[in-house]
Amino acid sequence: MSGWLAVRTARVEADPLAPARSRAGPDAAEWKSDDGLSALLAWRRTSGEHRYSGRLLPGLPGGRVAWVGLCLEDGGESTSEAARTLLSPTDARLAGLNGEFAAAVCSPSGELVATTDRHGHYPVYLVRGPGFVAASTDASVAFAFLDRVRFDPEAVDFLLRCGELLEDRTPLKDVVLLPPASSVRLAPGAPFRPSRYWRLRHAGDAALDLEDATNGLGERLRSASRRIERAGVRLVAPLSGGLDSRLIVGLCENPERVPTFTWGADGCRDLRYAEMFAARVGSPHRSIELRPEDYPEVWARGVVAAGGCVGIRDMYILPFAPLLARAGDVALNGLAGDAFLGGNFLKRAWLNAPTLDALADATWAWRTPEPEIALTAGLAEGGPPPGAARETWARSLRARDAGGRPIETLVDWLLENRVFRFTNAGTQLLRTAVESYSPFFDRDVVDLLVKVPLEARLKHRLYFAILRRFCPAAAAVPWQRTALAPRWGFAASLASLAFHRGARALGRRFGLNPFPAQAVASPADWFRGPWAAPARALLFDARTLERGLLRPDGLLRLWDAHQSGADVSRALGVAIGLELFAREVADKILAEKGS
């Protein structure tokens with residue numbers, strides 16, 4: 001994928017880019033500042049990239065801007081104008097940029113500043129060492145600057161317990177992520193002090209009724225989808241049986257020019273409903289049955305692409321990214337529409353919670369069910385005492401408090417962390433072969449959506465209204481969660497959701513699955529079937545056990561519990577991901593440095 005590297009050293013180096021040059025490829029562009037202390041490197045694929053991604057753009061006279069991403073306005077692509085904004089930034093000007101980008105700006109004198117877009121669509125890894133500081137959009141490039149690789153036991157413990165990381169943490173002690181909507185000056189010997197130019201803040205306006213919200217958001221989403229459609233790129237779209245991808249494809253002017261692809265278990269609802277929708281709008285469509293045996297050979301590639309921050313269980317898209325790249329250059333991405341426009345992060349009991357502490361307790365229980373939380377206790381060698389991960393969760397949420405309703409703070413925090421630290425990892429896997437653009441996070445959409453009272457989004461009420469008003473074809477096809485078309489209305493959807501929930505609870509009592517066609521995949525079963533041999537071989541290999549990152553007795557308990565019927569597939573996926581990350585990053589860095 002395209003990317004860039006920015007390095008600032010304390011003294012003139014013969015070749016400050018040397019640790020990363022081999023990873024960037026032979027056609028990478030380079031630049032050094034006049035003082036010889038700052039250097040930029042940018043690279044791109046020959047296809048499947050935004051026009052300016054992976055390029056060094058002109059900066060102030062003699063300077064450069066390393067860029068990845070795309071900015072759009074109604075008049076077309078605005079990337080070059082956005083890059084010029086970075087040369088004389090203000091908070092308001094940066095917050096007004098519309099698109100997904102990460103950039104490093106270097107002046108002729110060598111001052112070096114890295115900046116992310118509002119939501120941090122592209123991760124920027126920050127590494128500091130003796131006499132240097134480096135930033136890169138590519139994890140493997142950034143990690144190449146480490147003299148040694150030290151895992152952070154607290155981060156490892158947290159990742160094992162809830163499958164994701166918070167804020168700027170990575171599994172490594174000497175690497176952090178640049179927060180979204182932030183700029184940071186890169187200076188050797190100085191701590192990273194990112195400056196936020198914008199924050200996601202929900203503040204519901206009671207005067208904004210459902211009809212006005214529906215009309216306003218529908219118009220803005222349609223404009224967002226059509227801006228990328230008109231940008232002169234070949235679009236493709238992963239299409240599920242859910243609402244997000246069908247809405248943005250359906251809002252395109254010419255969906256018949258947007259090939260769509262769906263993968264899932266044979267006969268699952270996603271395949272059936274995606275095919276129905278594609279036929280309605282005329283999108284060329286292909287359905288693909290998931291083959292669990294295809295995944296082990298790509299696990300390592302996925303772990304590196306995601307910077308070691310997610311486990312291998314959730315890498316569903318990875319084997320299919322090359323297929324999308326053969327059909328187009330940019331994927332129309334329905335990233336987290338259910339969480340942002342819908343009500344996935346809303347429960348009735350949370351809406352009127354009196355304090356953030358109450359929400360911290362409720363959401364920690366939501367994210368970390370038993371028996372997983374008990375079986376991961378003490379699994380990380382040298383990890384923190386029991387309760388530390390939960391306190392980290394609560395402390396992070398409390399720190400986000402801006403004085404509004406607790407539920408609004410919670411939604412902002414979950415979007416900034418869970419969506420762009422975990423869900424967006426799927427986008428990084430997609431970008432191993434093809435670019436991506438997410439209309440749900442268009443500036444104009446977000447600026448209105450944060451004003452809509454959260455109650456309107458509960459159980460997808462607002463979402464259904466937008467579908468019926470702006471995309472009747474999407475509203476006419478069943479939703480995989482309910483097996484009912486959204487055009488049946490909100491009440492019918494609530495009744496179906498309640499029926500599904502009750503039937504599943506009854507089925508668990510008798511060991512039955514009443515809705516086998518609802519699941520796209522079954523990684524819990526795969527860990528007992530086609531993934532069992534490669535997973536066990538990796539987890540209990542002598543190399544893994546000698547590393548001492550995870551305690552062997554704890555790994556064995558985790559494995560045996562899963563094979564006996566408990567579902568701890570998330571923790572197993574994280575454990576495998578951590579070991580693969582150690583092999584692909586830590587071990588290779590040591591080998592390259594001759595240690």
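**Exercise 1. Work out whether D444 is buried, partly exposed or exposed in this predicted model, and find its partner.**

Step 1. Start with the accessibility: D444 has a relative accessibility of 23%. Buried means under 20% and exposed means over 50%, so D444 counts as partly exposed.

Step 2. Now look for a charged partner. Side chains of opposite charge can pair when their charged atoms come close. The side chain of D444 meets that of R227 in a salt bridge, at 3.7 Å from N to O.

Step 3. Place the two residues along the chain. R227 sits in helix 6 (residues 210-229) and D444 in helix 18 (residues 443-449), so this pair links parts of the chain 217 residues apart.

Step 4. Check the other end of the bridge: R227 has 6% relative accessibility and therefore counts as buried.

Step 5. Finally, widen the view. R227 and D444 belong to a network of salt bridges that also links E73, D74, D442 and R443.

**Exercise 2. Find the salt-bridge partners of R570 and R185, and say where each pair lies.**

Step 1. Take R570, whose side chain forms a salt bridge with that of E372 (3.3 Å, N to O). R570 is in helix 26 (residues 569-592) and E372 is in helix 14 (residues 372-375), 198 residues apart.

Step 2. Compare each end with the cut-off for buried, under 20%. R570, at 9% relative accessibility, counts as buried, and E372 is buried too, at 4%.

Step 3. Take R185, which forms a salt bridge with E111; their closest N and O atoms are 3.4 Å apart. R185 lies in strand 12 (residues 182-185), while E111 lies in the loop between strand 7 (99-106) and strand 8 (112-116), so the pair ties together parts 74 residues apart in sequence.

Step 4. Classify E111: its relative accessibility is 43%, so it counts as partly exposed.

**Exercise 3. Check the length of helix 8 (residues 269-281), then find what covers its buried residues.**

Step 1. Helix 8 has 13 residues, and at 1.5 Å a residue it should span 18 Å. The C-alpha atoms at its ends are 18 Å apart, which agrees.

Step 2. List the buried residues of helix 8: R269, D270, L271, Y273, A274, F277, A278 and V281.

Step 3. Look at what covers them. The cover includes helix 7 (244-250), helix 20 (472-475) and helix 21 (490-509), along with strand 15 (260-264) and strand 16 (285-289).

Step 4. Step past the end of the helix: G282 follows helix 8, with a positive phi near 80°.

**Exercise 4. Describe how helix 25 (residues 552-563) packs on helix 26.**

Step 1. The two helices pack at an angle of about 140°, and their axes are 10 Å apart. That angle makes helix 25 oblique to helix 26.

Step 2. The crossing of helix 25 and helix 26 is left-handed.

Step 3. Helix 25 makes the contact through L555, L558, W559 and H562, and helix 26 through S569, A571, L572 and A575.

**Exercise 5. Examine the backbone at P371 and A181.**

Step 1. E370 and P371 are joined by a cis peptide bond, with omega about 5°. P371 is in the loop between helix 13 (356-367) and helix 14.

Step 2. A181 is not a glycine, yet its phi is positive, about 55°. A181 is found in the loop between strand 11 (175-177) and strand 12. With 0% relative accessibility, A181 counts as buried.

How values were computed:
Residues are numbered from 1 along each chain as its sequence is written. This is a predicted model: local features need pLDDT of at least 70, side-chain atom pairs count only at pLDDT 80 or more; totals for chains, interfaces and linings use all residues. Side-chain values use heavy atoms; hydrogens and water are left out. Helices (H or I, at least four residues) and strands (E, at least two) are DSSP runs, numbered from the N terminus. The expected span of a helix is 1.5 Å times one less than its number of residues. Buried means under 20% relative accessible area, exposed over 50%, partly exposed in between (1.4 Å probe, protein chains only). Contact means heavy atoms within 4.5 Å. A salt bridge is a side-chain nitrogen of Lys or Arg within 4 Å of a carboxyl oxygen of Asp or Glu. Axes are lines fitted to C-alpha atoms, for helices over the stretch in contact, and angles run from 0 to 180 degrees between N-to-C directions. Angles under 35 degrees count as roughly parallel, over 145 as roughly antiparallel, 65 to 115 as roughly perpendicular and the rest as oblique. A crossing is left-handed if the near helix is turned anticlockwise from the far one by less than a right angle, and right-handed if clockwise.
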